[in-house]
Amino acid sequence: MKNHYRNATFLLSAPSLEHAPEDTGLEVAFAGRSNAGKSSAINTLANNKTLARTSKTPGRTQALNFFTLDDDQRRLVDLPGYGYAKVSEKVKKKWQQYMTEYLHKRRSLCGLILVMDIRHPMSPFDVDMIDLCQQTNRPLHILLTKSDKIKKGPANSTLHSIAKTLGDMGVEASLQLFSSHKKTGIEDVHGVLNEWLEF
Ligand SMILES: Nc1nc2c(ncn2[C@@H]2O[C@H](COP(=O)(O)OP(=O)(O)O)[C@@H](O)[C@H]2O)c(=O)[nH]1
Ligand SMILES: [Mg+2]
């Protein structure tokens, strides 16, 4: 099967939604707290270490970064990180407004990948994002990343307990373990993306 992600190319960085590329075709957005591992996940999926900028300093990327796949009608989006402690209330509010607007209005958005550090899952911001997906009927897939940081047993029990929490919340979402460092879980994400992006 063709790998559509290896040729991912940086398109543009939008400081706000008005600067996003034209709302046509299909795009999948990656959301998550600052430092959760969003940019690393995108790089891992594209097998390109230098595609999305990763950072040891959380809270740096405040823009929406767009990447094209085979052509500009299929895109991946690295959303600005949220929930960074040092960010002011005003900035947090602004971020919430943007995300709400993006999820409500963006027609080409065909699914959301929520990236959570397996050691710090389901923060209030993650739950906000999950709620927003529910409200706007956006398909949701959750990556529990940095799974290399904990042992297999605890990783699987975290996976199951989050699945149960989501079930109790009435949320329909798929979820999986992922590691950018160990490169595990890639094929499952490609499968989800292929389906959403109609490859
Ligand atoms: N051990 C481990 N570290 C990771 C993994 N993914 C990301 N990181 C590290 O976590 C930090 C933040 O990653 P980044 O992708 O920039 O997070 P973002 O802010 O969500 O885009 C960086 O230092 C990465 O090297 C992973 O799967 N395993
Ligand atoms: Mg990032």
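Let me begin with the term I will lean on: a residue counts as buried when its relative accessible area is under 20%, as exposed when that value is over 50%, and as partly exposed in between. I should also say at the outset that what we have here is a predicted model.

With that cut-off in hand, take Phe67, which has a relative accessibility of 2% and therefore counts as buried. Its ring belongs to one of the three aromatic pairs that the structure holds. The partner is Phe10, and the two rings meet edge-to-face, with 5.8 Å from centre to centre and 65 degrees between the planes. This pair links distant parts of the chain, since Phe10 sits in strand E1, residues 9-14, and Phe67 in strand E3, residues 64-68, 57 residues apart. Phe10, for its part, has a relative accessible area of 42%, so Phe10 is partly exposed.

Another of the pairs joins Trp95 and Phe125, whose ring centres are 6.1 Å apart and whose planes stand at 75 degrees, so that this pair too is edge-to-face. Here the link runs between helices, with Trp95 in helix H2, residues 89-105, and Phe125 in helix H3, residues 124-135, 30 residues apart. Both partners are buried, because Trp95 has a relative accessible area of 8% and Phe125 has a relative accessibility of 16%. A further ring to look at is that of Tyr98, where Lys94 lies over the face at 5.5 Å from the ring centre.

Let me turn now to the ligand. Which residues come nearest to ligand 1? Of the 18 residues around the ligand, they are Asn35, Lys38, Ser40, Asp148 and Ser180. By class, this shell has one nonpolar, 11 polar and six charged residues, and helix H1, residues 38-46, gives the most to the shell, with three residues. As for individual contacts to oxygen atoms of the ligand, a polar side-chain atom of Ser40 lies at 2.6 Å, one of Ser39 lies at 2.9 Å, and an N or O atom in the side chain of Lys146 lies at 3.0 Å. The protein covers 89% of the 580 Å² of accessible area that ligand 1 has on its own.

Finally, a residue in helix H4, residues 152-169, namely Thr165. At a relative accessible area of 35%, Thr165 is partly exposed, and its C-alpha atom is separated by 26 Å from that of Ile42, with the two positions 123 residues apart along the chain.

Technical notes:
Residues numbered from 1 in each chain as written. Chains lettered and ligands numbered in written order. Predicted model: local features only at pLDDT ≥ 70, side-chain atom pairs only at ≥ 80, totals over all residues. Heavy atoms only, no water. Near = heavy atom within 4 Å. Polar contact = N/O pair within 3.5 Å; in protein donor to acceptor, adjacent residues only side chain to side chain. Areas by Shrake-Rupley, 256 points an atom, 1.4 Å probe, with all protein chains shown as cover. Helix = DSSP H or I, 4+ residues; strand = E, 2+ residues; numbered from the N terminus. Nonpolar A, V, L, I, M, F, W, Y, C, P; charged D, E, K, R; others polar. Buried < 20%, exposed > 50% of the residue type's maximum accessible area, 1.4 Å probe, protein only. Phe/Tyr/Trp six-rings, centres within 6.5 Å; stacked < 30°, edge-to-face > 60°. Lys NZ or Arg CZ within 6 Å of the ring centre and 35° of its normal.
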